[in-house]
Amino acid sequence: DDVKRYKEFTNVENLRREFADGKEYLEYVYRRKVNEEFRWVKMHLVRSNEYTDENQIIVLHVQDIDDVFRKAEEAQMHQTMYEKEQRRANKAVKGLEQYKNEIEDTLMISGMGIWRIEYYDDKTCLYTDKAYDLIMGFSSSLLPEEKVEVLVERVVEEDRGMLNQYIKDI
């Protein structure tokens with residue numbers, strides 16, 4: 001297949017037609033055997049300033065681009081691998097988010113130790129369920145505000161000021 005395309009490109013009649021149609025420049029990338037190894041090369045064909053129908057002069061230049069070509073190929077491969085891994089990571093993150101939401105929904109429905117802060121009319125209220133109260137040692141008669149006070153008392157004394165400020169800011 002490579003040989004067939006090369007022969008088509010370098011066919012003299014084909015080249016005459018291309019340059020007669022006004023092309024100034026043609027190039028072709030192919031593999032060439034050099035010292036028992038195949039290397040990528042680029043053939044440049046440039047129409048001469050003196051080119052006429054009677055005097056068809058072109059300049060031919062063959063450039064070894066194997067090192068650059070392979071680096072570009074490798075970079076493309078790494079980019080493709082990176083993009084594939086990025087898509088897998090994004091898919092995993094979406095899956096984890098969905099899993100987290102499903103767990104939260106399940107726990108909310110089952111009442112298994114979930115607590116959250118909700119805001120109503122610029123007032124902060126702490127809601128807990130019975131399992132959380134049991135784990136934290138709260139009596140069921142405590143009001144939400146009293147539960148916050150108990151939590152603050154359980155914090156190391158040096159850190160209470162910062163926690164109180166945080167609660168006040170909320």
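## Second largest pocket and the three-stranded sheet

The second largest pocket has a volume of about 160 Å³. It belongs to a predicted model, and its lining consists of Asp2, Val3, Tyr6, Tyr30, Arg31, Arg32 and Phe38. Two elements, helix H1 (2-10) and strand S1 (25-34), each give two or more residues to this lining. Sorted by class, the lining residues of the second largest pocket comprise four nonpolar and three charged ones, with no polar residue.

The two elements that contribute to the pocket also meet in the wider arrangement. H1 lies across both S1 and S2, and its direction makes an angle of about 140 degrees with S1.

S1 is part of an open sheet of three strands, arranged in the order S1-S2-S3 with antiparallel pairing. S1 and strand S3 (58-64) form the edges, each of them pairing on one side only. Within this sheet, neighbouring strands are turned against each other by 25 degrees on average, direction ignored. The strands of the sheet are listed below.

| Strand | Residues | Detail |
|---|---|---|
| S1 | 25-34 | gives two or more residues to the lining of the second largest pocket |
| S2 | 37-47 | pairs with S1 in the antiparallel sense over ten bridges |
| S3 | 58-64 | edge strand, pairing on one side only |

The pairing of S1 with S2 can be followed residue by residue. Ten bridges join S1 and S2 in the antiparallel sense. Arg32, one of the residues lining the second largest pocket, has Arg39 in S2 as its bridge partner. Val34 stands opposite Glu37 in S2. The hairpin of S1 and S2 has two residues between the strands, and Asn35 in this hairpin adopts a positive phi near 50 degrees.

The pocket and sheet can be placed within the protein as a whole. The protein contains six helices and five strands. Along the sequence these elements follow the pattern α-α-β-β-β-α-β-β-α-α-α. Of the 170 residues in the protein, 16% are buried. Among contacts in the protein with a separation of 6 or more, 24% are accounted for by residues 24 or more positions apart.

In summary, the second largest pocket draws two or more lining residues from each of H1 and S1. S1 is an edge strand of the three-stranded sheet, and H1 lies across S1 together with S2.

Technical notes: Residues are numbered from 1 along each chain as its sequence is written. This is a predicted model: local features need pLDDT of at least 70, side-chain atom pairs count only at pLDDT 80 or more; totals for chains, interfaces and linings use all residues. Side-chain values use heavy atoms; hydrogens and water are left out. On a 1 Å grid over the protein atoms alone, a cavity is a set of points where a 1.4 Å probe fits but cannot get out, and a pocket is an open set with protein on both sides within 12 Å along at least five of seven lines; lining residues have an atom within 4 Å of a point. Grid points are joined across faces, edges and corners, and a volume is the space filled by probe spheres set on the points. Helices (H or I, at least four residues) and strands (E, at least two) are DSSP runs, numbered from the N terminus. Ala, Val, Leu, Ile, Met, Phe, Trp, Tyr, Cys and Pro count as nonpolar, Asp, Glu, Lys and Arg as charged, and the others, Gly among them, as polar. Two strands pair if DSSP finds at least two bridges between them. Axes are lines fitted to C-alpha atoms, for helices over the stretch in contact, and angles run from 0 to 180 degrees between N-to-C directions. Contact means heavy atoms within 4.5 Å. Buried means under 20% relative accessible area, exposed over 50%, partly exposed in between (1.4 Å probe, protein chains only).
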